[in-house]
Amino acid sequence: MASADVAVVGGGVIGCAAAWYLARAGLRVDLWDRGPLGGEATAASAGILAPLAESVTPGPFVDLALAGLRAFAEDIEAVKDDSGLDPEYRRCGVLRVAVDGAAAVALHEAAGWQANARLNLRWLEPRQVATLEPGLASCHGGLLSPAEGHVHPVRLSAALAAAAYHRGAALHPFAPAVEPWMEGGRLRGLFTGGERRGYDLVVLAAGAWSAGWAAALSLRIPVRPVKGQMLIARTVAPPVRHVVFAGHSYLVPRADGTTYIGATQEEAGWDTRVTAGGIAELTAGAIAAAPALRDAEIVSAGAGLRPASVDGLPVIGAIPGCDGLIVAAGHFRNGILMCLVTGRIIAALAGGNAAPLPLEPFSPGRFAVAW
Ligand SMILES: Cc1cc2nc3c(=O)[nH]c(=O)nc-3n(C[C@H](O)[C@H](O)[C@H](O)COP(=O)(O)OP(=O)(O)OC[C@H]3O[C@@H](n4cnc5c(N)ncnc54)[C@H](O)[C@@H]3O)c2cc1C
């Protein structure tokens, strides 16, 4: 017997968004996490919403990322209304700074093809960058994207969970061992706490842990953890007003006046330690970008595991040959940006409707699936 229509496994930002859209569509939803909601990659994230800064070529990635940004503009007020919480969504603009001549050439090239996105990209000469962001070191120009911005990822996932609850979803954080229940060659639901829970549909949104969960079903979803370390710094006055990308660093001005400094990208397995090398890399990059950060107080440091697929694209959709399972994983560096559009897609698929954009490039079926 189904205890609810849909189980969502994983309460990071992807699972919370899926739960909200599913509940809003009228489905009965249980959201399961083995820990706190939003406690893993989501908690470490910078919350940058920058589809163009994250895209190197035209194609399905940038299409999904742009749809992700549009979904924020369209749905964030409904998240606020349903939750009563403010996720601090800010369209403050994203500035990509050219730290040398080669970076300036690359940014001009990006500006060419990215003009198609119609986000009013604007090239700034070095003195214009200095006027816009006086706290930055001298540079070779910059590319300003006024419609991009950021959101507070922890507040966002909390708001999505509260919004899902408001719409009738049941939230189950700190659930003991949530494992698949197979019977008669098909997925029937979950085992947790020694109990069987039947569902019509299971949405697998367990971030970097999705591969292990799928492996218990003899399914191959090649998503691995990619470690990212980050810092939060406090200065007398915020060093930047825009999200700034400079070299390998980025700075995010938060609503509380602190600055998020990100982020390392490390193939380090399941290691989530904050290391001396990580802090050195982050502080060196940040001070080179905005010299006033030399005097900043480090308020906190953290690390998280980005869920990365082998081809770098998210894994979204049903798995051929496995009825009753939809995957929403592998969002790598852009799970916050893509969470709302992913939730929309999951709700469309669960309701038997067409997805809002072509899903073939993201299909779990692109990987070899062995039963
Ligand atoms: C340092 C850093 C900076 C980042 N910056 C940005 C950014 O600026 N913009 C952006 O868009 N993205 C950013 N990201 C990426 C973004 O954080 C991730 O893509 C996103 O959080 C992934 O969300 P998720 O819900 O898939 O995974 P997670 O947030 O990791 O959530 C997965 C959840 O599944 C749960 N789980 C695992 N196994 C089980 C199980 N068996 N049963 C039940 N629950 C289970 C976990 O406890 C966890 O809560 C950043 C990531 C890092 C690490």
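## Isoleucine 336, tucked away in a loop

Let's start with isoleucine 336, which is buried, at a relative accessible area of 7%. Everything here comes from a predicted model. You'll find isoleucine 336 in the loop between β18 (322–329) and α9.

What does isoleucine 336 touch, once its neighbours within four places in sequence are left aside? The contacts are Val13, Thr42, Ser45, Gly47, Leu49, Phe72, Val151, Pro153 and Leu156. For a sense of how the chain folds back, take valine 154: 182 residues separate it from isoleucine 336 in sequence, yet their C-alpha atoms are 10.0 Å apart in space.

## Helix α9 and its partner α3

Carry on along the chain to helix α9, which covers residues 339–350. Threonine 342 lies in this helix. Is threonine 342 buried or exposed? It counts as buried, because its relative accessibility is 1% and the cut-off for buried is under 20%. Setting aside neighbours within four places in sequence, threonine 342 is in contact with Ile14, Ile316, Ala328 and His331.

Helix α9 also meets helix α3 (residues 60–83): their axes come within 7 Å and cross at roughly 90 degrees. So α3 is roughly perpendicular to α9. On the α3 side, the contact is made by Leu64, Ala67, Gly68, Ala71, Phe72, Glu74 and Asp75. On the α9 side, you get Cys339, Leu340, Val341, Arg344 and Ile345. Sorted by class, this contact has 8 nonpolar residues, 1 polar and 3 charged. Phe72 of α3 has turned up before, as one of the contacts of isoleucine 336.

## Helix α3 meets α1 too

Helix α3 has another crossing worth a look, this time with helix α1 (residues 13–24). At what angle do the axes of α1 and α3 cross? They cross at roughly 80 degrees and come within 12 Å, which means that α1 is roughly perpendicular to α3.

Here Trp20, Tyr21 and Arg24 in α1 meet Asp75, Ala78, Val79 and Asp82 in α3. The contact of α1 with α3 divides into 4 nonpolar residues, no polar ones and 3 charged. Asp75 appears in this contact and also in the contact of α3 with α9.

## Strands β14 and β15, with their aromatic rings

Now for some rings. How many aromatic pairs does a search of the whole structure find? It turns up 6. Among them is the pair of tyrosine 250 and tyrosine 260, which is stacked, with 6.1 Å centre to centre and 5 degrees between the planes. Tyrosine 250 belongs to strand β14 (residues 249–253) and tyrosine 260 to strand β15 (residues 259–262), 10 residues apart. Both tyrosine 250 and tyrosine 260 are buried, and together with Phe245 they form one aromatic cluster.

Next door to tyrosine 260 in sequence, isoleucine 261 is found in strand β15 as well. Isoleucine 261 is buried, with a relative accessible area of 3%. Leaving out neighbours within four places in sequence, isoleucine 261 is in contact with Met230, Leu231, Ala233, Tyr250, Leu251, Leu282, Ala286 and Leu293. Proline 239 sits 22 residues from isoleucine 261 in sequence and 11 Å away in space, C-alpha to C-alpha.

## Just past β15

Alanine 263 is in the loop between β15 and α8 (276–289). Alanine 263 is buried, at 14% relative accessible area. Which residues does alanine 263 contact, leaving aside its neighbours within four places in sequence? They are Gln229, His248, Tyr250, Leu282 and Arg306. Tyr250 and Leu282 are also among the contacts of isoleucine 261. Alanine 158, 105 residues from alanine 263 along the chain, lies 23 Å from it, C-alpha to C-alpha.

## A few local details

Back to rings for a moment: the charged end of arginine 34 sits over the ring of tryptophan 209, 4.6 Å from its centre.

Two loop residues have a backbone angle to look out for. Most residues other than glycine have a negative phi. Glutamate 88, however, has a positive phi near 55 degrees, and the phi of phenylalanine 174 is positive and near 55 degrees too. Glutamate 88 has its place in the loop between α3 and β4 (94–97), while phenylalanine 174 is in the loop between β8 (170–172) and β9 (179–183). Glutamate 88 is buried, with a relative accessible area of 14%, whereas phenylalanine 174 is exposed, at 59%.

Definitions and conventions. Residues numbered from 1 in each chain as written. Predicted model: local features only at pLDDT ≥ 70, side-chain atom pairs only at ≥ 80, totals over all residues. Heavy atoms only, no water. Phe/Tyr/Trp six-rings, centres within 6.5 Å; stacked < 30°, edge-to-face > 60°. Helix = DSSP H or I, 4+ residues; strand = E, 2+ residues; numbered from the N terminus. Buried < 20%, exposed > 50% of the residue type's maximum accessible area, 1.4 Å probe, protein only. Lys NZ or Arg CZ within 6 Å of the ring centre and 35° of its normal. Axes fitted to C-alpha atoms, helices over the stretch in contact; angles between N-to-C directions. Parallel < 35°, antiparallel > 145°, perpendicular 65-115°, else oblique. Contact = heavy atoms within 4.5 Å. Nonpolar A, V, L, I, M, F, W, Y, C, P; charged D, E, K, R; others polar.
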